[in-house]
Structure formats: C-alpha cells, structure tokens
Amino acid sequence: MLKPLVLSAFSLTSAFSMPPSALRETLRATGALPAHVAGSFEEIAACHITPDDDYLVFDRRGHAVYRVAQNGAGGARKLLQIGVEPGRILSPIAFASHPDGSFIVADAPGGQERIQIFSYLGASLGGFWLPVKSVPRVTLGDLVLSGVGSVDYTSRTILVSQPDVTGALITEYAADGRTLRTFGNLRNTGHEGDHDLHLALNGGLPLAIPGGGFYYIFIAGVPAFRKYDAEGTLLFERHIEGLEIDPHLRAMPTTWPRRKTRAGVFPLVPSTVRTAAVDAAGSLWISLALPHTYVYDADGDKRRVIQFRGAGILSPSDLFFTKTGRLIVAPGCYSF
C-alpha cells in the first residue's frame, strides 16, 4: 500500500490564484485503508481521522462506528453498537466530527430523529431527540439527505437543515438540544404554490467555516450555495455551474411525482450534490451526484474541477480534511 502523502500548502491552494476558468484535474490516491479491512464493513459512509491518527469509520449500513489504525493493524475496533438505548445507534443517517476527536451521529429509531455526541474513544457525551420529525424530501438513491441527514458539528453546536420545521435554512442547536437560533431565508423556487416541493428544493447542507461563518449548499433543483457571516447575515449566493453538470441541468424535470414515505405522501426530489466540505482556507468543496468535485474559493469563485481516483473513479460520499492538510475521501478511506 502506498503511504499517505501530506499535501503541501501549494498543492492545495495554488489553483485558487488561477484565472476564472477552473483547472480541471485528476487526483490519484496516495493511500487507503487496507483492502482486507475495508472489505469488512458493509458501507463506509464517512472516514475521518482521530487526534491520535487512527481512522474513525462510520459504517452506515452496519449501524456502527469503528476505530482502525491507518496501517490496518489489529483490524477494526467497534466503538458504537446497534441499539435504541442512549449510547447506541439504530438506522443511522449522518455523521460529522470535530478536530478535537468528538463526533455526532444522527439516527432515527422508529422514525424519531435523534442526535448523539461521542468521544473518539467511544464514550457517550450526550444527545437529544428532535421534538418534531423532519419529512424526508431529498434523496440520493436510497439515502435521505434532508432533515438530520444533513448535519454539521462545531464541538459546541450542531447545524441542521430543517426548513420544513423552522422556516429557515439553518437551525443551530446546543449540545442539550436547545434551539440557539435559525437563519437563512428560503430561496425562490418557482414552486411556492406547492409547499412540499418548495421546501424540498430548499433542502441543503449547512457547513461551518473555520474561523467563522457558514456555507449552505442547496442540494436539489438548481444547484447553488450561499455564504453567511458568523452573525448569520447573507454575504453572497452563487450558482453551481460547469460543463460536467450541464447534462444534468438540461435533464432536470419541471414536475416531481409524489411518493409514499413513512411520514406521508410527498414529492421526493433527487439530489444534485452528494457531499461537501470546507478546507482550512475556507474554500468550499462540492461533490456532485456525477463523479466530479467543484472547488470554490472563499470569495465564491470556482477554481478547480476534480475527479478522484482510487481503484477507479470515486463518487465521494464524504470529504474530510485533516489538520495536516490531507484529504480523506469515503468510501475506501482514500488519502489525497
């Protein structure tokens, strides 16, 4: 196995000084979780790094979180077991971590959404049930991306996209479940007459920016993102555009059929975006449903168009930036 390579500051940021036409490039993995270990998981939905440099693997389909040494020695050690009880997880939907090693898992036992906080050693640090169920509105295959399927974690607060519950794009919760604030006006969609569809087209991923501020990525309908300052004031909005996404935009429907879900009958809108992350420079990395990732600098200008290659072309389910500048991509825990 190739050893993980620490990317230099130049390799990660040099493209940000390029002219407006974004650099198209292929990044090839410099390392990965050993195949015999990776194959022991049912679905590696996220792969982060602990403060002592182990992998923290979120196995969504296996209802578990594991710690694994980067060389695979000792195999995978399960931190969280399946279960409804506090400190266990059932039907997990989303995962997010903080550089201090703490992480959150959002799950939905019996359809009731819950967020729990854990240390990277496996200890439970608290959690709470959401008082109102979010309706599953935006999907990627069989995965629900809206509601608690879209969370971020700052170690002090938890960000959730719940426009159907709060009427705002971003809801910020304290660790004990108190609602601290909501911000972000819903965008115009042209479907305001269909309340459910309007809400689905406002679903998105909220992300905290290192040093302050937030991004919100609209994940369905016309792809776009907004940037907010630390007070929640809108700074700008940008459409996500490019040759790679044009065929998807041309094929975008104007009507969406309603389907029966556990919460009722609603229009389920397919996602344009798979995942997103923010690097140390405040640049936004957006991985599309197609196997391309767009990188926007802190001013909202697109600077790079990337395809990731591991054993083949990757469609990232999660992006994680380490403190040393490496990028870890799931599935596979590939290092770039």
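These are numbered notes on a predicted model, moving from confidence and overall make-up to cores, rings and single residues.

1. **Confidence.** This is a predicted model, so local features are read only where pLDDT is at least 70. The chain averages a pLDDT of 87. A score of at least 70 is reached by 89% of the residues. The weak stretch to flag is residues 1-20, where pLDDT stays under 50. The model still gives residues 1-20 39 contacts beyond four places in sequence. I would read those contacts with the low score in mind.

2. **Overall make-up.** The chain has 336 residues, and 57% of them count as buried. Its secondary structure comprises 30 strands and 5 helices. Among contacts with a separation of 6 or more, 48% are between residues 24 or more positions apart.

3. **Largest nonpolar core.** This core holds 27 residues. Tyr215, Ile217, Phe225, Ile240, Leu284 and Ile286 have the most contacts inside it. One helix is on the list of elements that give two or more residues to this core: H4 (195-200). The strands on that list are S16 (204-208), S17 (214-218), S23 (273-278), S24 and S25 (293-296).

4. **Second core.** A separate core has 15 residues. Its members include Val37, Ile44, Tyr66 and Phe320.

5. **Leu205.** This residue lies in strand S16. Its relative accessible area is 12%, so Leu205 is buried. Beyond four places in sequence, Leu205 touches Ser150, Tyr215, Tyr216, Ile217, Ile219, Val273, Thr275 and Ala276. Of these, Ile219 is 14 residues away in sequence, with a C-alpha to C-alpha distance of 7.0 Å from Leu205. Two of the residues touched by Leu205, Tyr215 and Ile217, are also among those with the most contacts inside the largest core.

6. **Aromatic pairs.** The model has 13 aromatic pairs. One of them joins Trp285 and Phe321 edge-to-face, with 5.1 Å centre to centre and 65 degrees between the planes. The pair links distant parts of the chain, 36 residues apart. Trp285 belongs to strand S24 (residues 284-288) and Phe321 to strand S28 (residues 318-321). Trp285 has 0% relative accessibility and therefore counts as buried. Phe321 is at 16%, so Phe321 counts as buried too. Elsewhere, ring pairs link Phe58, Phe95, Phe103 and Phe118 into a cluster.

7. **Charges over rings.** Two cases deserve a look. The charged end of Arg238 sits over the ring of Phe236, 4.2 Å from the ring centre. The charged end of Lys302 sits over the ring of Tyr294, at 4.0 Å from the centre.

8. **Arg114.** What does the side chain of Arg114 meet at 2.7 Å? The partner is the side chain of Asp107, in a polar contact. A polar atom of the Arg114 side chain also lies 2.5 Å from the backbone oxygen of Val84. Arg114 is in strand S8 (residues 114-118). Is Arg114 buried or exposed? Its relative accessibility is 3%, under the 20% cut-off, so Arg114 counts as buried.

How values were computed. Residues numbered from 1 in each chain as written. Predicted model: local features only at pLDDT ≥ 70, side-chain atom pairs only at ≥ 80, totals over all residues. Heavy atoms only, no water. pLDDT = per-residue confidence, 0-100. Contact = heavy atoms within 4.5 Å. Phe/Tyr/Trp six-rings, centres within 6.5 Å; stacked < 30°, edge-to-face > 60°. Helix = DSSP H or I, 4+ residues; strand = E, 2+ residues; numbered from the N terminus. Buried < 20%, exposed > 50% of the residue type's maximum accessible area, 1.4 Å probe, protein only. Lys NZ or Arg CZ within 6 Å of the ring centre and 35° of its normal. Polar contact = N/O pair within 3.5 Å; in protein donor to acceptor, adjacent residues only side chain to side chain. Core = buried A, V, L, I, M, F, W, Y, C linked by side-chain atoms within 4.5 Å.
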